[in-house]
Amino acid sequence: MVAVVRSLMVLLLAQVLLEGAAGLIPEVGRRKYSESGKQTPEQSESFFNEFELRLLNMFGLRRRPTPSKQAVVPQYMVDLYRMHSANGDHSSKRPKSMGKHAERAASKANTIRSFHHEESMEALARLKGKTTQQFYFNLTSIPDEELITSAELRVYRDQVMGAASPNNSLRNSSTSNSAPGFHRINIYEIFGVPATQSREPLARLLDTRLVQDSLSRWESFDVSPAVSQWTSGKGHNHGFMVEVLHPEEGGMDGEHAQRRSRHIRVSRSLHQDQDSWPQARPLLVTYGHDGRGDSVLHTREKRQAALRKQRRKQQHKASCKRHDLYVDFSDVGWNEWIVAPPGYHAFYCHGECPFPLADHLNSTNHAIVQTLVNSVNSNIPRACCVPTDLSPISLLYLDEYEKVILKNYQDMVVEGCGCR
């Protein structure tokens, strides 16, 4: 019984999502379904498994994700989803930790991916006056056809207890680079690993920032040049190096110096609060476009406002119009890997296209002619009630590799209906 319910929900979802894309469902498959009452449960289950796979392929997935309970969804990705969600809710504004560079990048992307670093490949070094940390992000799950337009590396830093306030630090400083209460964070792309551990790797500076000890916050760095090279195959991914420069302070005691060297959470070993580590790990966020459609992550209020006036005209009960249809991802078990939304209002079109076609039915000239011919020759069918305006939705989900992705999917919501 559970399998039958799941199969029916998959079919219902597919009928909405694949409107106008019947080529994805082979004619043999449609005949199999129409005769499903004659099929064994095993045959029906096999058919719907194949159909679900086709649906997952439409989402760019090769198989159904089965994330483990240890999979972590970064809060930053949740914040981005809320900002770009197509549900019309403006209560979630730009995340405070999102820089202007990332905001511009997100406005041009239809796919945002996040990656945690490979902890087993960490390399930590402490030299006089600075701490360096090397780490690597596995980016092989990014499809070849996806163009990465921008990338940001995000690291979290804790407030240094006992640090001077920003105002005092500024008043007492002679030079901002060596003033008490400040650290400098440099981000490098690693070109190669040296033969001996005593030497630093060959690297180039990507971004730098002077930060205040007295604040706890995420810092974002632009690493687009490196990631673009890696994902386009023009460069080899050796990872990044984060360098934390500590100001020279002769009067600093050992305990205070240790606290200052551990305020950047680039490694699990650099701080003692293990419970918060999953959400405080360094995060690489890529912004790209898969080449499908010309729409990016956005809300759809403008289109909705333009169509409300049209829908108000569709008062006749039997005429072609939009009807309610809510797709609940939990009904097909997809809530295991789709983080948000839990479901969405897909809607569908149904109703008559009577002769003569009214203006509010948004008909094409061909539909008007076809309906006219039908009025004198019943062998010619009437025009059909179909979606004429569709809008996208944003999905936040974990893929087959437990990577968290925010992606925009086109033509998911019926906004307007008409006779065609």
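## Cysteines, cores and a buried glutamate

Cys384 has a relative accessibility of 47%, so it counts as partly exposed. Keep that residue in mind; we'll come back to it in Exercise 3. Everything here is worked out on a predicted model.

**Exercise 1. Find out how Cys320 and Cys385 are linked, and which parts of the chain they tie together.**

Step 1: Check the sulfur atoms. Those of Cys320 and Cys385 are 2.1 Å apart, and a disulfide needs them within 2.5 Å, so this pair forms one.

Step 2: Look at the twist. The value about the S-S bond is 75°, and the link is right-handed.

Step 3: Place the two ends. Cys320 sits in the loop between helix H10 (301-312) and strand S11 (321-323), while Cys385 belongs to strand S16, so the link ties together parts 65 residues apart in sequence.

Step 4: Buried or exposed? Cys320 is buried, at 0% relative accessibility. Cys385 is buried too, with a relative accessible area of 15%; the cut-off for buried is under 20%.

**Exercise 2. Work out the handedness of the disulfide between Cys349 and Cys417, then do likewise for Cys353 and Cys419.**

Step 1: Start with Cys349 and Cys417, joined with an S to S distance of 2.0 Å. The torsion about their S-S bond is about -85°, so this disulfide is left-handed.

Step 2: See where that pair sits. Cys349 is in strand S15 (residues 348-350) and Cys417 in strand S17, 68 residues apart.

Step 3: Turn to Cys353 and Cys419, whose sulfurs are 2.1 Å apart. This link is left-handed as well, with -95° about the S-S bond.

Step 4: Place its ends. Cys353 lies in the loop between S15 and helix H11 (365-374), and Cys419 in strand S17; they are 66 residues apart.

**Exercise 3. Write down the disulfide pattern, then say where Cys384 fits in.**

Step 1: Count the disulfides. There are 3.

Step 2: Number the bonded cysteines along the chain. The pattern reads 1-4, 2-5, 3-6.

Step 3: Now the leftover from the start. Cys384 is in no disulfide, and the nearest cysteine sulfur, that of Cys353, is 7.0 Å away.

**Exercise 4. Identify which strand gives the most residues to the largest nonpolar core.**

Step 1: Meet the core. It has 31 residues, and Phe59, Trp334, Tyr344, Leu395 and Tyr397 touch the most other members.

Step 2: List the suppliers. Helix H3 (41-58), strand S16 (385-398) and strand S17 (404-419) each bring in at least two residues.

Step 3: Pick the winner. S17 gives the most, with 7 residues.

Step 4: Don't miss the other core. It lies apart from the largest one and has 23 residues, among them Phe221 and Phe240.

**Exercise 5. Describe how strand S3 is set into the structure.**

Step 1: Check burial. Of its 6 residues (130-135), 5 are buried, so S3 is largely enclosed by the rest of the structure.

Step 2: Find its partner. S3 pairs with strand S8 (residues 240-245) in the antiparallel sense, over 6 bridges. Within that pairing, Phe135 stands opposite Phe240.

**Exercise 6. Decide whether Glu152 is buried or exposed, and find the polar contact of its side chain.**

Step 1: Place the residue. Glu152 is in strand S4 (residues 147-157).

Step 2: Read off burial. With 0% relative accessibility, Glu152 is buried.

Step 3: Find the partner. The side chains of Glu152 and Tyr76 make a polar contact at 2.7 Å. Glu152 also touches other residues, including Ala102, Ser220 and Phe221.

Note on methods: Residues numbered from 1 in each chain as written. Predicted model: local features only at pLDDT ≥ 70, side-chain atom pairs only at ≥ 80, totals over all residues. Heavy atoms only, no water. Helix = DSSP H or I, 4+ residues; strand = E, 2+ residues; numbered from the N terminus. Buried < 20%, exposed > 50% of the residue type's maximum accessible area, 1.4 Å probe, protein only. Polar contact = N/O pair within 3.5 Å; in protein donor to acceptor, adjacent residues only side chain to side chain. Contact = heavy atoms within 4.5 Å. Core = buried A, V, L, I, M, F, W, Y, C linked by side-chain atoms within 4.5 Å. Pairing = 2+ DSSP bridges. Lists of a residue's contacts leave out its neighbours within four places in sequence.
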